[in-house]
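This report describes a two-part assembly for a reader at the bench. The sequence and the coordinates are shown first, and the description follows.

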Amino acid sequence: MFINYEHNSHVYNIEVERKKNQYFVTYNNNIYTVEAHEIKPGYLKIRLGDRIIKCVISENGDNRFVFIDGDVFRVKRIQLTGMKKSSRKEGDLTSPISGRVVRVKTKKGDIVKKGDVLMVIESMKMEYLIRAPYDGRIKRINFRENDQIDMGEITVEIEKKRKKQ
Amino acid sequence: MKLFSKVLIANRGEIAVRIIKACQEMRIKTVAVYSDVDSKAPHVQIADETVNLGDPTPSESYLNISKIIDAAESVGAEAIHPGYGFLAENPDFAQACEDSGIKFIGAKPEVIALMGDKIKAKKTMEKADVPVIPGYHGLRQDISTLVKEGKKIGFPLLVKATAGGGGKGMKIVHSEEYLEEAIESAKREAKSAFGNDSIFLEKYLDRPRHIEFQILADEHGNIVHLFERECSIQRRHQKIIEETPSPVMTPELRDRMGRAAVAAAKAVGYTNAGTIEFMVDGDLNFYFMEMNTRLQVEHPITEATTGIDIAKWQLRIAAGMELTLKQHELTQRGHAIECRIYAEDPSNGFLPSIGVLEKIEVPTGPNIRNDTGVETGMEITSYYDPLLSKLIVYGENRDDAIDKMIWALSRYVVLGVTTNIPFLRKVLEHKAFRKGDITTHFIENHFKNWTLSKDGLPVDALIALAVYDSMHPGREEVVRYKEADPHSPWRHAGRWRIGV
């Protein structure tokens with residue numbers, strides 16, 4: 001699942017997949033494989049490599065408080081909702097916001113992996129990352145760095161890698 | 001001597017809880033009063049009897065003298081403990097108790113009134129040979145009088161608007177040649193800012209510290225002091241960290257200040273627990289600032305280092321018992337620190353933070369004390385002071401106490417409102433604090449515009465959040481994305497919404 005968190009007007013895009021007690025958390029092109037247990041409600045013990053992260057989380061609607069190492073962060077889970085049924089082709093990555101393209105991290109013809117960041121769009125001091133939804137090849141890039149972009153415009157077109165026969 | 005059989009506590013929060021527990025240990029029945037928003041508060045839960053005061057507005061509840069007197073009469077309480085804040089230093093309340101035949105656990109009304117008048121208090125102390133900050137607060141406001149008085153006081157000199165505030169009409173003068181100019185300029189500023197050009201002069205204290213002495217005085221003329229508390233770490237002129245002993249204290253200075261404190265209490269015929277606040281400058285000259293005629297927020301650090309229960313002594317003294325403590329037998333041992341846990345945001349001008357306390361877990365361990373008046377599920381409203389609790393630690397020495405406090409703060413979980421806990425820890429971890437190099441300007445000098453985590457959310461927190469939310473998938477998301485391609489990030493595309 002994809003989750004977006006807002007903290008101090010920055011947006012963080014995370015993908016997380018779960019297999020029993022194993023979680024695969026993708027953030028900023030890094031995949032963190034962790035093992036996690038909820039010891040009592042809100043109290044998590046997370047093993048990341050040879051480290052243990054202990055934290056306490058409370059939830060109130062979309063608001064989250066995270067206690068970690070004595071610091072507390074107030075975070076909001078944000079839903080990016082209201083998607084209309086679109087006639088767009090699979091592989092057309094649209095911009096979720098109106099803003100400015102601050103980084104283009106790929107070029108036409110590049111082979112990309114699922115989760116790779118292709119483009120960074122900034123709006124209201126927040127950054128939104130356009131990621132590859134699956135392994136594939138970049139067919140077309142519609143914007144250059146510093147271009148203005150409107151919500152819903154297609155940022156990058158990507159061709160899905162065919163499964164080996 | 002017989003103790004009271006029933007005491008009403010005219011307060012709320014941690015201090016009401018503290019006093020109720022002291023009464024319970026002494027087998028005194030307790031009565032809690034509470035406003036409508038506090039009906040489930042811990043002080044209400046633990047008391048033997050409760051009286052509802054209604055409307056949470058302070059003037060309609062905890063500050064309402066007639067409601068509280070009526071409550072005490074209705075339950076047959078023989079005495080009222082006012083705690084601190086609210087009616088604790090209100091001479092009319094102390095008088096109203098006396099008039100109703102209820103014992104007020106604190107100083108006499110006339111003493112409260114005298115010490116509440118800062119100028120009269122200073123004059124009384126001067127007469128008793130307690131040093132006061134040299135100054136001129138006179139009515140003669142012509143330039144030549146002010147210059148003459150200024151020279152008499154000496155430099156550096158503080159020139160301040162009588163109606164002052166916010167630094168307007170305030171000057172620090174370092175030598176005689178700038179005095180006249182500074183007085184004229186302060187008067188002009190005061191005139192335009194407050195419509196009143198009256199100013200006063202006071203010796204400016206370099207590297208000032210706030211050091212206070214706890215005293216206990218019975219109704220038979222016995223007075224002892226319980227040593228000092230260093231309270232220099234303040235924000236918005238309110239203490240946030242207190243410790244004892246003071247890192248600058250010497251046995252000789254302690255003796256002199258202690259004797260001055262006892263003399264100050266004697267001068268006004270003080271009874272019960274009280275505190276003499278002094279300013280101490282960089283050269284360790286001390287000056288009387290004011291007397292607090294009540295139990296102090298920070299009294300537990302004195303209890304930790306002396307082994308004396310101040311709240312219990314307040315009850316005994318009020319019941320007419322004689323002090324059995326003798327000055328020469330009193331000793332301090334080890335080091336104690338208190339941190340005040342406030343629901344406030346240090347990254348945002350220390351403004352109070354309101355909300356529901358979703359989770360609280362207090363650190364426990366040897367020599368760690370938590371005086372708290374809140375619990376999980378309670379709502380922090382804007383009606384009252386945002387103090388949630390006090391964390392007190394005791395160590396063999398100052399370093400040990402600092403380390404213990406840092407440990408305890410880093411394990412103190414409060415979720416649901418923003419608290420100053422991470423900030424307190426940063427203060428304790430500061431090199432200057434460790435060295436004892438502190439003044440009342442400490443926060444201003446070292447923590448101006450402080451914010452938690454300049455680098456944003458740590459990756460560990462993001463991982464934890466993602467794991468948590470995938471353990472507890474929201475009902476909403478499950479439905480919303482059921483049909484969507486699970487690998488497609490642009491299913492998020494559309495209306496960009498940042499929650500309110």
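## Confidence, domains and contacts

In chain A, residues 82-87 have a pLDDT under 50, and the model gives them 6 contacts beyond four places in sequence. Here pLDDT is the predictor's confidence in each residue, from 0 to 100, and two residues are in contact if their C-beta atoms, placed from the backbone, lie within 7 Å. The model is predicted, and local features need pLDDT of at least 70, side-chain atom pairs count only at pLDDT 80 or more, while totals for chains, interfaces and linings use all residues. Residues are numbered from 1 along each chain as its sequence is written, and chains are lettered from A and ligands numbered from 1 in the order in which they are written. For chain A the mean pLDDT is 85, with 89% of its residues at 70 or more.

### Chain A

An automatic or database domain assignment supplies the domain bounds. It splits chain A into domain 1 (2-78) and domain 2 (92-160). The centres of these two domains of chain A, taken over C-alpha atoms, are separated by 26 Å. Their contact involves 7 residues from domain 1 of chain A and 9 residues from domain 2 of chain A. On the domain 1 side, strand E2 (residues 10-19) of chain A gives the most, with 4 residues. Helices (H or I, at least four residues) and strands (E, at least two) are DSSP runs, numbered from the N terminus.

By class, that side of domain 1 of chain A holds 1 nonpolar, 5 polar and 1 charged residue. In this classification Ala, Val, Leu, Ile, Met, Phe, Trp, Tyr, Cys and Pro count as nonpolar, Asp, Glu, Lys and Arg as charged, and the others, Gly among them, as polar.

Two strand pairings in chain A share strand E5; strands pair if DSSP finds at least two bridges between them. Strand E4 (residues 30-40) of chain A pairs with strand E5 (residues 43-48) of chain A in the antiparallel sense over 6 bridges, and His37(A) has Lys45(A) as its bridge partner in E5(A). The hairpin of E4(A) and E5(A) has 2 residues between the strands, and Gly42(A) takes a positive phi near 90° there. E5(A) also pairs in the antiparallel sense with strand E6 (residues 51-60) of chain A, over 6 bridges. Arg47(A) has Ile52(A) as its bridge partner in E6(A). The hairpin of E5(A) and E6(A) likewise has 2 residues between them, with Gly49(A) in the turn at a positive phi of about 60°.

### The contact between the chains

In the contact of the two chains, 60 residues of chain A meet 41 residues of chain B. Strand E8 (residues 71-78) of chain A gives the most to the chain A side, with 8 residues. That side comprises 36 nonpolar, 12 polar and 12 charged residues.

### Chain B

Chain B has 17 helices and 23 strands. A compact globule of 500 residues would have a radius of gyration near 23 Å, and the 26 Å of chain B agrees with this. That radius is taken over C-alpha atoms, and the globule rule is 2.2 Å times the number of residues to the power 0.38. Along the principal axes, the C-alpha atoms of chain B fill a box of roughly 85 × 65 × 45 Å. Buried residues account for 45% of the 500 residues in chain B; a residue is buried if 20 or more other C-beta atoms lie within 10 Å of its own, exposed if 12 or fewer, and partly exposed in between, with C-beta atoms placed from the backbone.

The domains of chain B are domain 1 (6-105), domain 2 (135-203), domain 3 (209-446) and domain 4 (459-492). Between domain 1 of chain B and domain 3 of chain B, 27 residues of the former are in contact with 25 residues of the latter. H1(B) provides the largest share of the domain 1 side, 8 residues.

### Backbone exceptions

Most residues other than glycine have a negative phi, and most peptide bonds are trans. The table lists exceptions in this model.

| Residue or bond | Backbone value | Place |
|---|---|---|
| Phe155(B) to Pro156(B) | cis, omega near -5° | Pro156(B): loop between helix H7 (143-153) and strand E7 (157-165) of chain B |
| Thr244(B) to Pro245(B) | cis, omega near -5° | Pro245(B): loop between strand E12 (238-244) and helix H9 (251-267) of chain B |
| Lys20(A) | positive phi near 55° | loop between E2 and strand E3 (22-27) of chain A |
| Arg207(B) | positive phi of about 45° | loop between strand E9 (199-203) and strand E10 (209-217) of chain B |

Lys20(A) is exposed, with 6 other C-beta atoms within 10 Å. Arg207(B) counts as partly exposed, with 15 C-beta neighbours inside 10 Å.
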